[in-house]
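Here is a short briefing to read alongside the model. Have the sequence and the structure open as you go through the points below.

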Amino acid sequence: MTMPEDNDIPDVDDVRTVTTDKVACDGNGGPLGHPMIYLNFRPDQREIVCPYCSRRFRRAEGVEADAGRH
């Protein structure tokens with residue numbers, strides 16, 4: 001059995017800046033990943049944390065929430 005490389009393990013301090021209201025996370029896939037999940041920002045929310053791997057997704061400065069969402 002081979003051990004995964006360090007870059008296969010999500011970093012708890014890993015913050016991804018995004019410009020969308022919906023993001024997908026699979027924990028980097030591979031043997032240490034997790035099922036693909038989709039996370040949606042609420043209009044008043046600037047950051048989302050993946051409940052599986054704790055990766056944080058932050059809405060980029062100046063990006064407004066999608067006004068068409070209910």
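Let's start inside a strand: Arg16 has Phe57 as its bridge partner in S5. Please keep in mind that this is a predicted model. From that pair we can move out to the sheet, then to the salt bridges, and finally to a loop residue.

**The sheet**

- The pairing of S1 with strand S5 (residues 56–59) is parallel and is made by 4 bridges.
- An open sheet is built from 3 strands in the order S1-S5-S4, with mixed pairing.
- Its edges are strand S1 (15–18) and strand S4 (47–49), each of which pairs on one side only.
- On average, neighbouring strands of this sheet are turned by 20° against each other, direction ignored.

**Salt bridges around Glu47**

- The structure has 4 salt bridges, and a network of them links Glu47, Arg56 and Arg58.
- Between Arg58 and Glu47, the closest N and O atoms are 2.8 Å apart.
- Arg58 sits in strand S5 and Glu47 in strand S4, so this salt bridge ties together parts that are 11 residues apart in sequence.
- Arg56 also forms a salt bridge with Glu47, and here the closest N and O atoms are 3.6 Å apart.
- How accessible are the members of this network? Arg56 is partly exposed, at a relative accessible area of 25%; Glu47 is partly exposed at 27%; and Arg58 is partly exposed at 33%.

**The Asp44 and Arg42 pair**

- Another salt bridge joins Asp44 to Arg42, with 3.5 Å between the closest N and O atoms.
- Asp44 has a relative accessible area of 62% and is therefore exposed, since the cut-off for exposed is over 50%.
- Its partner Arg42 has a relative accessible area of 47%, so Arg42 counts as partly exposed.

**Asn28 in its loop**

- Where does Asn28 lie? You will find Asn28 in the loop between strand S2 (22–25) and strand S3 (37–40).
- The side chain of Asn28 makes a polar contact of 3.1 Å with the side chain of Arg55.
- Asn28 and Cys53 are 25 residues apart along the chain, and their C-alpha atoms are separated by 9.5 Å.
- With a relative accessible area of 35%, Asn28 is partly exposed.

Conventions
Residues numbered from 1 in each chain as written. Predicted model: local features only at pLDDT ≥ 70, side-chain atom pairs only at ≥ 80, totals over all residues. Heavy atoms only, no water. Helix = DSSP H or I, 4+ residues; strand = E, 2+ residues; numbered from the N terminus. Buried < 20%, exposed > 50% of the residue type's maximum accessible area, 1.4 Å probe, protein only. Polar contact = N/O pair within 3.5 Å; in protein donor to acceptor, adjacent residues only side chain to side chain. Pairing = 2+ DSSP bridges. Axes fitted to C-alpha atoms, helices over the stretch in contact; angles between N-to-C directions. Salt bridge = Lys/Arg side-chain N within 4 Å of Asp/Glu carboxyl O.
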